[in-house]
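Q: Could you take a close look at one part of this model for me? I would like to see how a single residue sits among its neighbours and how its strand fits into the wider picture.

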Amino acid sequence: MRDFFNNELAVGDRVALTPHGYKSLVVGRVMGFTPQMVKISYARRIAGKKDAVVSEILRSPEDVIKDLIGGWGNDGQGV
């Protein structure tokens with residue numbers, strides 16, 4: 001599968017995406033694939049909670065962008 005910029009995606013790749021209900025990008029990790037979708041794990045913060053909650057989401061591969069240079073740093077989110 002290929003991302004928005006036509007880069008090949010693989011399990012373990014870091015990607016940027018906008019989850020449902022979000023207005024900004026988050027960093028996630030590719031966990032697997034279905035025939036048409038990418039399964040991505042990402043951390044989200046919940047109001048009033050100290051720790052982040054790890055969630056999984058299915059996204060069309062054209063809706064994600066692969067981190068090619070590793071320049072996003074450690075997201076500290078456990079994903």
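**A close look at Arg59**

A: Happy to walk through this one with you. Arg59 lies in strand β4, and please keep in mind that the model is predicted.

Let's begin with the side chain. Arg59 is buried, yet it has no salt bridge. The nearest side chain of opposite charge belongs to Asp63, and it is 4.8 Å away. A salt bridge would need a side-chain nitrogen of Arg within 4 Å of a carboxyl oxygen, so the pair Arg59 and Asp63 does not qualify. What Arg59 does have is a polar contact with His20, side chain to side chain, at 3.0 Å.

The surroundings of Arg59 can be listed too. Setting aside neighbours within four places in sequence, Arg59 touches Leu17, Thr18, Pro19 and His20, along with Met37, Val38, Ile40 and Val64. His20 therefore appears twice in this picture, as a contact and as the polar partner.Val38 has another link to this residue: in the backbone pairing, Val38 of β3 has Arg59 as its bridge partner in β4.

That brings us to the strands themselves. Strand β4 covers residues 53–59, and it pairs with β3 in the antiparallel sense over seven bridges. Elsewhere along this pairing, Arg44 stands opposite Val53 in β4. Strand β3, residues 38–44, is mostly covered, with five of its seven residues buried.

On its other pairing, β3 meets strand β2 (residues 26–33), and five bridges join these two antiparallel strands. Here Phe33 stands opposite Val38, while Arg59 is the partner of Val38 in β4. Strands β2 and β3 form a hairpin, with four residues between them.

Stepping back, the whole arrangement is an open sheet of five strands in the order β4-β3-β2-β1-β5, with antiparallel pairing. Strands β4 and β5 (65–66) stand at the edges with a single partner strand each, so one side of each is left without a neighbour in the sheet. Arg59, then, belongs to β4, an edge strand, and is nevertheless buried.

Conventions. Residues numbered from 1 in each chain as written. Predicted model: local features only at pLDDT ≥ 70, side-chain atom pairs only at ≥ 80, totals over all residues. Heavy atoms only, no water. Buried < 20%, exposed > 50% of the residue type's maximum accessible area, 1.4 Å probe, protein only. Pairing = 2+ DSSP bridges. Lys, Arg positive; Asp, Glu negative; His and termini not counted. Polar contact = N/O pair within 3.5 Å; in protein donor to acceptor, adjacent residues only side chain to side chain. Contact = heavy atoms within 4.5 Å.
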